[in-house]
Amino acid sequence: MRFKELYNTFVLAVLAGLMIGFGGVIYLMCPNRMVGALLFSFGLLTIICQGFALYTGRVGYFREYGLASILTTIVGNFVGTGLVGLAFRLTRHTVDIEAVVAPKLADSSLSIFLLSIGCGVMMYLAVDSYRKSKSWLFVVMPIVVFILSGLEHSIANMFYLTLAGAWGVEALRITLIALVGNAVGSWLINSANFVIKQRSDDSK
């Protein structure tokens with residue numbers, strides 16, 4: 001992939017990270033979890049409508065984007081979420097971010113992995129369903145499900161960890177595991193769709 005394409009991907013990924021960061025802000029500021037989960041979906045809706053690059057929205061289409069693009073997307077998402085997290089720390093607002101981050105850092109690797117797979121499934125369904133239907137409802141509902149179910153979104157976690165100033169060995173551990181788990185969840189549904197389509201084509 002040419003440098004210009006990677007640069008464009010990086011910029012789009014930073015913008016996606018900013019949107020996830022803003023989604024995380026409103027979720028943390030909202031006293032009602034259901035309302036907060038609904039408003040968090042603003043992030044992904046904006047990303048999809050604007051064509052920004054989010055890791056959890058693209059990794060399921062690995063064959064389409066390629067390794068270089070996916071890795072660039074992760075870096076850009078990290079920068080974007082980090083900017084929002086660092087900026088929010090400088091404002092007058094305070095949130096109980098420790099209550100969000102502490103359980104994640106203390107969680108087992110297996111638990112993080114399984115919860116990340118579930119989130120990957122939801123994120124793939126959100127993006128793929130929108131591609132097929134162009135309906136915002138199919139974006140919002142999987143987001144609400146993954147948040148209220150306590151599933152692990154690797155990019156959202158980047159925002160939370162930066163806001164908490166909690167980056168370290170444990171933060172890196174759960175982030176890497178979540179990145180892999182999100183990918184596995186996305187690939188599971190993508191592969192199932194591929195097999196179903198192949199069988200459908202063969203039966204014609």
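Guide: Buried means under 20% relative accessible area, and exposed means over 50%, with partly exposed in between. The model discussed here is predicted.

Visitor: Why is Asn-182 called buried?

Guide: Asn-182 has a relative accessible area of 0%. The limit is under 20%, and therefore Asn-182 counts as buried. Asn-182 belongs to helix α10, which spans residues 169-202. Beyond four places in sequence, Asn-182 touches residues including Tyr-55, Val-59, Cys-119 and Ser-154.

Visitor: What makes the pairing of the side chains of Asn-182 and Ser-154 a polar contact?

Guide: The two side chains are 2.8 Å apart. A polar contact requires N or O atoms within 3.5 Å, one able to donate a hydrogen and the other to accept it; the value of 2.8 Å satisfies the distance limit.

Visitor: Why is the aromatic pair of Phe-62 and Trp-187 called edge-to-face?

Guide: The structure holds 6 aromatic pairs. In the one formed by Phe-62 and Trp-187, the centres are 6.1 Å apart and the planes make an angle of 80°. Centres within 6.5 Å define a pair, and planes over 60 degrees apart count as edge-to-face; the pair therefore earns that name. Phe-62 in helix α4 and Trp-187 in helix α10 are 125 residues apart, and the pair links distant parts of the chain.

Visitor: How do you know whether Phe-62 and Trp-187 are buried or exposed?

Guide: The relative accessible area is 32% for Phe-62 and 36% for Trp-187. Partly exposed lies between the limits of 20% and 50%, so Phe-62 is partly exposed, and so is Trp-187.

Key
Residues numbered from 1 in each chain as written. Predicted model: local features only at pLDDT ≥ 70, side-chain atom pairs only at ≥ 80, totals over all residues. Heavy atoms only, no water. Helix = DSSP H or I, 4+ residues; strand = E, 2+ residues; numbered from the N terminus. Buried < 20%, exposed > 50% of the residue type's maximum accessible area, 1.4 Å probe, protein only. Contact = heavy atoms within 4.5 Å. Phe/Tyr/Trp six-rings, centres within 6.5 Å; stacked < 30°, edge-to-face > 60°.
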